[in-house]
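Me: I am new to this structure. Please walk me through how its labels are earned.

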Amino acid sequence: MTMMTPPPLDQEDDEMLVPHSDFVEGPQPMEVVPQPEAASTVENQAVEDPPSSRFTWTIENFSRLNTKKHYSDIFFVGGYKWRVLIFPKGNNVDQLSMYLDVADSASLPYGWSRYAQFSLAVINQIHNKYSVRKDTQHQFNARESDWGFTSFMPLSELYDPSRGYLVNDTCIVEAEVAVRRVVDYWTYDSKKETGYVGLKNQGATCYMNSLLQTLYHIPYFRKAVYHMPTTENDMPSGSIPLALQSLFYKLQYTDNSVATKELTKSFGWDTYDSFMQHDVQELNRVLCEKLEDKMKGTVVEGTIQQLFEGHHMNYIECINVDYKSTRKESFYDLQLDVKGCRDVYASFDKYVEVERLEGDNKYHAEQHGLQDAKKGVLFIDFPPVLQLQLKRFEYDFMRDTMVKINDRYEFPLQLDLDRENGRYLSPDADRRVRNLYTLHSVLVHSGGVHGGHYYAFIRPTLTDQWFKFDDERVTKEDVKRALEEQYGGEEELPQTNPGFNNTPFKFTKYSNAYMLVYIRESDKDKIICNVDEKDIAEHLRMRLKKEQEEKEHKKKEKAEAHLYTIIKVARNEDLAEQIGRDIYFDLVDHDKVRSFRIQKQMPFNVFKEDVAKEFGIPVQFQRFWLWAKRQNHTYRPNRPLTHQEEMQSVGQLREVSNKAHNAELKLFLEVELGLDLRPLPPPDKTKEDILLFFKLYDCEKEELRYLGRLFVKGAGKPAEILTKLNEMAGFPPNEEIELYEEIKFEPTVMCEHIDKKLTFRVSQLEDGDIICFQKSPLVENDEQCRYPDVPSFLEYVHNRQVVHFRSLEKPKEDDFCLELSKLFTYDDVVERVARQLGLDDPTKIRLTSHNCYSQQPKPQPIKFRGVEHLSDMLVHYNQTSDILYYEVLDIPLPELQGLKTLKVAFHHSTKDEVVIHTIRLPKQSTVGDVINDLKTKVELSHPNAELRLLEVFYHKIYKIFPPSEKIENINDQYWTLRAEEIPEEEKNLGPQDRLIHVYHFTKDAAQNQMQVQNFGEPFFLIIHEGETLAEVKVRIQKKLQVPDEEFSKWKFAFLSLGRPEYLQDTDIVSSRFQRRDVYGAWEQYLGLEHSDSAPKRAYAANQNRHTFEKPVKIYN
């Protein structure tokens, strides 16, 4: 279930468990100065440390943390030191990143390792059940001393004050750690230990793996899949039946874990889909429907229905007249309520519960009009294989989000659905059928609503031996692990020190059953049948045998790799084909030339015979050159092999050529051709002879191509070969040409003019050097050619970069592409973008770089001339991208950068409306300037009205901004800035009057505790000395314009630190509030308790709606 590096997919992959790594080069200091505001507690830390413990970390001033990494205090579990590491703004993703870290890893002895199961959580301080919790396990060691979740939860949710993860800018993190004895995970052999093999996880597909293992272990189902007609021409990736047959065959006959890629490909899933966690039940239904469809018209038609289909009857029966309406429906699985039910029987009781239709809800019966009636469901028949989906995940309408129900819920080993004289059965049910079921498999989800891990407990032959199928790993388990430990609910850890009166340490179990499969006793011999080779089609056996043989062959090749050498032979033809197409610099891409796999002990002369057969060049006409890597990082033919070297074995030769013990030997095959193009024996080569390679550049076509090679004398001069070069190029013999030596191209291009009058030796030319030549440029020609000479063309090729530009508003779609140079300055780039968009002023273009890991725009745009070159814009840590985002501003960027933009919500004093205004002012402006600017934009109740600016955070007022405060440091990303008129009465406060905070609240019972939850718009109110609650209520009702009937239901309380003290009408309100202004005035307020009936306002800039899972689609 773990991945070592996050894949570059734009996904919310909750399965992403990674050792944290900052994607930067070079060592990073891991220590961060401990922050004084982090208060930490370890629960249950008594005299002796238990092997399991919970650590709570309270982080104050969370949004103001300005370190990239933040560590908790150290805590002890199992005698080891641990700490939690978070990245408050994400580890290069737009998610909170959180890891468990071995605190003293640097000082532990060499080779240390420890194994722990742990969960990390961000607590929801309003509703505990919305806490985000993820669990995993890991073998910690020196290389992976921290482990956890790079994408723990979206930053947008964490910082959204209405969500409840940040309250009073405080975040609470919890870690539950259990240290286990070390299991050698890697050497464990599932097949040897259990007789079964697991399935590989390809991203976040453990939910699918647990379902596939369950279906595979229903032998009747497996037999039917084997009997589906497929042909040898089918491809598994395009045929669900064949892919499933192939998968089941491998599960039955191979010794190692099996991959599911072919199957997901046959579903038509792209990689993005297979990384999305789907709903298992949905996948089960869709897969069964697909198979049912593919089985039509075949020998196994109807198998799915025979196995899984049951029927129930929906009825409505009138009480006072003789009328009954019934409807028969089929089901493949049943969804059972978990909430409010203690076990499976209680859920069935609820399923068949009778509902009364009376009063306003009477039933309209034909001919009888509106009637009192009873409505319900009864079962006509149950299937041989009964699949029960437990409703562990529910949609919470109050919070507009999905929640997981971890309540305790029991299920029996034997399930009797005939109980109480068949109370679940309809009158039409066949009572001769005995509906006694035995448990076959338990599918488990471990984690929270935002993701987690799935695995299955199965007893394949219904004996007492259970097995746990957890992706690749299969282990033997006892019945307690499979049943009781999957009921969910709370678990109590044993007290470590019973002598002390410490409260038991309870924690919610986040792993629990979400799907059960029962098999009917009377059908079990038919369903748990024998499946062997003869059930498998011949072509399938042959195909899979062949696959197995290929695998074995590859394995053997790998094992014998040390006995072989790969020889790569480059020829003139390769150079001609590649230069100017695939490559421009150097001579050849060795990965695209003919390679030979040769035994190391083979004499080189024997290898030459293989070459003769392959290329049709007799041995005597072959001459081989060794390639050498030069100090300037170019790679050129260096010298021919000697006669003695050709007598050696291939293995000895490779060592001569390559001191780095690379398994490859790279050679250049020189073949001389006569005028009739037949091969000739290679000419003698003396020290005086130099082998040069030639490329021709055409500036009009902007083309570079390979022309050939020549031997020249060191003492000779280029002038002597000009006629020959013109002949090779197809130019007239006396054409004026210019020669350049291509010297290197990394990190910059070096290409120098060659003086035709100097000797080759003086020009320092040697074997393997490259000369590029071209017609001498004419002066008037300069205008026509963008790159008039070889150096300028090579410079262009080296630096050209096609950039995909996307509008920041549509960050998923390419808008246009431009070919630019990596050396372009900031001004060059925006000028080209402006030209493409038909914009006169390039300074109105603002660019944003691409984050290669999250596949999204970086949060901060590029500042005006904030980078030197295009290449700097495209680099994200050590990754280079080819994407930039642009936006067109209404004012030039340099001007905008000098301004601060604030979003201010203006609350009209008499109208019930809120208007968001964008205020843009110079950074050195004050709040007073904001208010003056706002006055010109809003409608005031009277011309002299005064305004104030407030900071509102999660329905509480935290601050009234003084008019002199500078706006540069105001953060409106997570807080709402609210502007309002100052009421006249507040301007004339008497000495005994007090201005108090008034907030709306409801109470919510979460985890057996009453939680106060604020909502709506907070406001200020003046209270006068001696004023009773009854008098204050009159003013509040008038201010809020609440109708009498509704207002009569409201309750009023004084709240301090979240605890309500309810007030009576006769209570003096002012006596409850302290006179002096305390820090945290927002924690003392008058609370108005009533239900939150107002529709959710959508003006908050960062209110992200919960995104739901995509429905499962199998496209084939």
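Some short questions and replies follow.

Reply: First, a caution: this is a predicted model. The chain has 27 helices and 59 strands.

Me: How do you know that strands S32 and S34 pair?

Reply: Pairing needs at least two bridges between two strands. Strand S32 (residues 623-629) and strand S34 (residues 664-670) have four bridges, in the antiparallel sense. Therefore S32 and S34 count as a pair. Trp625 has Phe668 in S34 as its bridge partner.

Me: What makes S31 and S33 edge strands?

Reply: The open sheet has five strands, in the order S31-S30-S34-S32-S33, and its pairing is mixed. Strand S31 (594-599) and strand S33 (635-640) each pair on one side only. From one strand to the next, the twist averages 40°.

Me: Which helix lies across S30, S31, S32 and S34?

Reply: Helix H16 (residues 604-615) does, and runs at about 145° to S31.

Me: Why is the set of 52 residues called a nonpolar core?

Reply: A nonpolar core is made of buried residues such as Val, Leu and Phe, joined through side-chain atoms within 4.5 Å. The 52 residues meet that rule, so they form a nonpolar core, the largest one. Phe221, Phe248 and Phe308 have the most contacts inside it. Helix H5 (residues 240-253) gives the most to this core, with eight residues.

Me: What is Phe308 in contact with, beyond its neighbours within four places in sequence?

Reply: Its contacts there include Leu215, Ile218, Phe221, Phe331 and Tyr332.

Me: What share of the chain counts as buried?

Reply: Buried means under 20% relative accessible area. Of the 1116 residues, 51% count as buried.

How values were computed
Residues are numbered from 1 along each chain as its sequence is written. This is a predicted model: local features need pLDDT of at least 70, side-chain atom pairs count only at pLDDT 80 or more; totals for chains, interfaces and linings use all residues. Side-chain values use heavy atoms; hydrogens and water are left out. Helices (H or I, at least four residues) and strands (E, at least two) are DSSP runs, numbered from the N terminus. Axes are lines fitted to C-alpha atoms, for helices over the stretch in contact, and angles run from 0 to 180 degrees between N-to-C directions. Contact means heavy atoms within 4.5 Å. Buried means under 20% relative accessible area, exposed over 50%, partly exposed in between (1.4 Å probe, protein chains only).
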